[in-house]
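Work through the exercises below with the sequence and the 3D structure open beside you. Try each task on your own before you read its solution.

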Amino acid sequence: MIELKSPDGRTRDRVAHLLFERGGATAAELGAELGLSPAAIRKHLDAMLADQLVEVRETPPRGPRGRGRPAKAFVLTAAAREGFPHLYDGIATAALRWIAEHGGPGAVDAFATAQVAALEERCQAALLEAGADPLARAEALAEALTAEGYAANATTIATGGQLCQHHCPVAHVAAEFPQLCDAETAVISRLIGTHVQRLATIAHGDRVCTTHIPAPQCPTPGTTANTVRTDGQ
């Protein structure tokens with residue numbers, strides 16, 4: 001458990017627990033949940049920043065892309081997350097080992113797919129009004145994943161977009177069973193509606209799970225998609 005050496009340690013424990021459960025939250029969200037004034041929650045967050053227990057991530061503003069200033073969400077650092085007990089991780093890992101031993105790799109794959117099915121269904125409902133543009137869908141998906149505790153955000157880059165998840169509820173288990181990451185990546189691809197590529201994962205020691213979303217391909221002026229040949233003829 002995280003030890004916060006401060007007269008206000010109990011309140012900061014509550015802040016840490018809330019961030020651990022949600023993956024990330026803004027100062028306003030934390031203050032509202034804990035019944036603290038803006039000045040009080042800021043005092044606690046500043047102290048936790050100084051102790052390297054939390055860090056700040058920018059999240060895209062709600063509404064049309066590119067409007068408004070990015071909101072600042074607070075997330076636990078990797079060191080702070082390690083301070084929480086991982087009893088259920090141990091049970092989950094043992095269960096997956098048993099499945100692998102008695103059912104083989106295919107059974108582990110099936111289990112991983114089943115585990116993310118409910119998440120996919122909930123996120124699909126959140127994307128109903130996102131339209132067909134992959135980057136717009138990525139932003140809507142980021143909001144849905146944040147509500148699920150993944151502290152996610154989507155950004156536009158030169159080659160398309162990036163979906164970043166700053167918290168992974170199953171990181172310790174996925175370190176041994178990457179099928180969980182693969183199943184999640186497949187869900188992201190289906191929800192966004194295009195092929196995506198996982199560039200980094202918390203389970204493999206990276207600070208953030210990063211998924212690349214390629215920019216939609218636009219036909220070159222004067223050509224049509226069905227005239228493009230890739231066989232060299």
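## Exercise 1: Leu163 and the cores

Task: In this predicted model, list the residues that Leu163 touches, not counting residues up to four places away in sequence.

Solution: Leu163 touches Ala138, Leu141, Ala142, Leu145, Asn153, Ala154, Ile188, Cys209, Thr210, Thr211 and Ile213 when residues up to four places away in sequence are not counted. The next step is to place Leu163 in a wider group, for it belongs to the largest nonpolar core, which has 32 residues. Within that core, Leu163 is one of the residues that touch the most other members, together with Cys123, Leu141, Leu145, Ile192 and Ile213. The elements that give two or more residues to this core are helices H6 (105-126), H7 (134-147), H8 (171-174) and H9 (179-192), along with strand S4 (152-157). A second core, separate from this one, has 16 residues, including Ala16, Ala27, Leu45 and Leu76.

## Exercise 2: Two sides of a helix

Task: Compare the span of helix H3 with the expected one, and then find which residues of H3 are buried and which exposed residues lie on the face turned away from them.

Solution: Begin with the span: H3 covers residues 38-50, which is 13 residues, and it reaches 18 Å from its first C-alpha to its last, close to the 18 Å expected at 1.5 Å a residue. Turning to burial, for which the relative accessible area must be under 20%, we find that Ile41, His44, Leu45, Ala47 and Met48 are buried. These buried residues lie on the same side of H3, because they cover an arc of only 160° around the axis. A general rule helps here: an α-helix has 3.6 residues a turn, so residues three or four places apart point the same way. The face of H3 turned away from the buried side carries Pro38, Ala39 and Ala50, which are exposed. After H3 comes Gln52, with a positive phi near 60°.

## Exercise 3: A pair of helices

Task: Describe how helix H2 (residues 27-34) and H3 are placed relative to each other.

Solution: Two packed helices are described by the angle between their axes and the distance between the axes. For H2 and H3, the axes come within 9 Å and cross at roughly 115°, and the crossing is right-handed. The residues that meet are Ala27, Leu30, Gly31 and Leu34 on the side of H2, and Ile41, Arg42 and Leu45 on the side of H3. Leu30 and Leu34 are also touched by Leu18, which contacts Glu33 as well. Leu18 is found in helix H1 (residues 9-22), and it counts as buried because its relative accessible area is 8%.

## Exercise 4: An enclosed helix

Task: Decide whether Val116 is buried or exposed, and then follow its contacts into a second helix.

Solution: Val116, which is found in helix H6, counts as buried because its relative accessibility is 10%, and the cut-off for buried is under 20%. Leaving aside neighbours within four places in sequence, Val116 is in contact with Ala183, Glu184 and Val187. Those three are among the buried residues of H9. In H9, 10 of the 14 residues are buried, so this helix is largely enclosed by the rest of the structure. Val116 and Leu180 are 64 residues apart in sequence, whereas their C-alpha atoms are 8.3 Å apart in space.

Note on methods. Residues are numbered from 1 along each chain as its sequence is written. This is a predicted model: local features need pLDDT of at least 70, side-chain atom pairs count only at pLDDT 80 or more; totals for chains, interfaces and linings use all residues. Side-chain values use heavy atoms; hydrogens and water are left out. Helices (H or I, at least four residues) and strands (E, at least two) are DSSP runs, numbered from the N terminus. The expected span of a helix is 1.5 Å times one less than its number of residues. Buried means under 20% relative accessible area, exposed over 50%, partly exposed in between (1.4 Å probe, protein chains only). The arc is that of the directions from the helix axis to the C-beta atoms. A nonpolar core is a set of buried Ala, Val, Leu, Ile, Met, Phe, Trp, Tyr and Cys residues joined through side-chain atoms within 4.5 Å. Contact means heavy atoms within 4.5 Å. Axes are lines fitted to C-alpha atoms, for helices over the stretch in contact, and angles run from 0 to 180 degrees between N-to-C directions. A crossing is left-handed if the near helix is turned anticlockwise from the far one by less than a right angle, and right-handed if clockwise.
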